[in-house]
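Student: I'd like to learn how to read a structure like this one. Could you walk me through it?

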Amino acid sequence: MDVLISGAGIAGLTTAYWLRRHGFAPTIVERAPSFVTGGYKIDVRGTALDVLRRMGAHDAVVASSTQMQGPFSSTARATSSTG
Ligand SMILES: Cc1cc2nc3c(=O)[nH]c(=O)nc-3n(C[C@H](O)[C@H](O)[C@H](O)COP(=O)(O)OP(=O)(O)OC[C@H]3O[C@@H](n4cnc5c(N)ncnc54)[C@H](O)[C@@H]3O)c2cc1C
């Protein structure tokens with residue numbers, strides 16, 4: 001069976017990973033010309049951590065943590081943090 005995945009975001013890449021683990025050879029198409037190399041942190045927790053462990057990627061992801069403590073706005077009068 002041919003499988004086409006539209007989008008190389010976390011959902012598309014994770015889906016491709018698991019399909020490959022189960023014997024499929026999915027093709028991913030991505031409209032962006034390249035991967036984004038910068039941006040904002042994302043918080044990975046709960047079931048996502050379990051999925052990372054099952055993928056064998058947990059330790060590598062933890063090792064690449066930004067250690068960023070919370071969002072802030074540099075344009076606000078008082079810097080706010082939501083933890
Ligand atoms: C500022 C911010 C902070 C966030 N913080 C968190 C967080 O802390 N924790 C968390 O879990 N989530 C967070 N999120 C949400 C998280 O980023 C999204 O839930 C997640 O990225 C969704 O992944 P996705 O793969 O479904 O979609 P996306 O990451 O949006 O990926 C979709 C991909 O598909 C591509 N695409 C779209 N249409 C087409 C097309 N027609 N053909 C080919 N390619 C296409 C896009 O270019 C993109 O690369 C945050 C989001 C933002 C904006």
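**Reading the model step by step**

Tutor: Let's start with one residue: Leu-52 sits in helix H2, which covers residues 47–55. Helices (H or I, at least four residues) and strands (E, at least two) are DSSP runs, numbered from the N terminus. This is a predicted model: local features need pLDDT of at least 70, side-chain atom pairs count only at pLDDT 80 or more, and totals for chains, interfaces and linings use all residues. Residues are numbered from 1 along each chain as its sequence is written.

Student: Is Leu-52 buried, exposed or partly exposed, and why?

Tutor: You count neighbours: a residue is buried if 20 or more other C-beta atoms lie within 10 Å of its own, exposed if 12 or fewer, and partly exposed in between, with C-beta atoms placed from the backbone. Leu-52 is partly exposed because 17 other C-beta atoms lie within 10 Å.

Student: Which residues is Leu-52 in contact with, leaving aside its neighbours within four places in sequence?

Tutor: Two residues are in contact if their C-beta atoms, placed from the backbone, lie within 7 Å. Setting those neighbours aside, Leu-52 touches Ala-57, His-58 and Val-61. You can also check C-alpha separations: Leu-52 and Thr-14 are 38 residues apart along the chain, and 9.5 Å separates their C-alpha atoms.

Student: What elements does the whole protein have, and in what order?

Tutor: There are 3 helices and 2 strands, and from the N terminus they run β-α-β-α-α. Buried residues make up 0% of the 83 residues. Of the contacts between residues at least 6 apart in sequence, 11% join residues at least 24 apart.

Student: How do I check the span of a helix such as H1?

Tutor: The expected span is 1.5 Å times one less than the number of residues. H1 has 12 residues and should span 16 Å; its end C-alpha atoms are 16 Å apart, so the two agree. After H1 comes Gly-23, with a positive phi near 90°.

Student: And strand E2, where are Thr-27 and Val-29?

Tutor: Thr-27 belongs to strand E2, residues 27–29, and Val-29 is in E2 too. Thr-27 counts as exposed because it has 10 C-beta neighbours inside 10 Å. Val-29 is exposed, with 10 other C-beta atoms within 10 Å. The C-alpha atoms of Thr-27 and Ile-5 are 6.1 Å apart, while those of Val-29 and Ser-6 are separated by 5.2 Å. Leaving aside neighbours within four places in sequence, Val-29 is in contact with Leu-4 and Ser-6.

Student: What surrounds the ligand?

Tutor: A residue is near a molecule or strand if its C-beta atom, placed from the backbone, lies within 6 Å of it. Of the 14 residues around the ligand, Gly-7, Gly-9, Ala-11, Arg-31 and Asp-43 come nearest. Helix H1 (residues 10–21) gives the most to this shell, 3 residues.

Student: What is the mean pLDDT of the protein?

Tutor: pLDDT is the predictor's confidence in each residue, from 0 to 100. The mean here is 85, and 83% of residues reach 70 or more. Over residues 78–83 the pLDDT is below 50, and beyond near neighbours in sequence this stretch has 9 contacts in the model. Where pLDDT is low, the predicted coordinates should not be read in detail.
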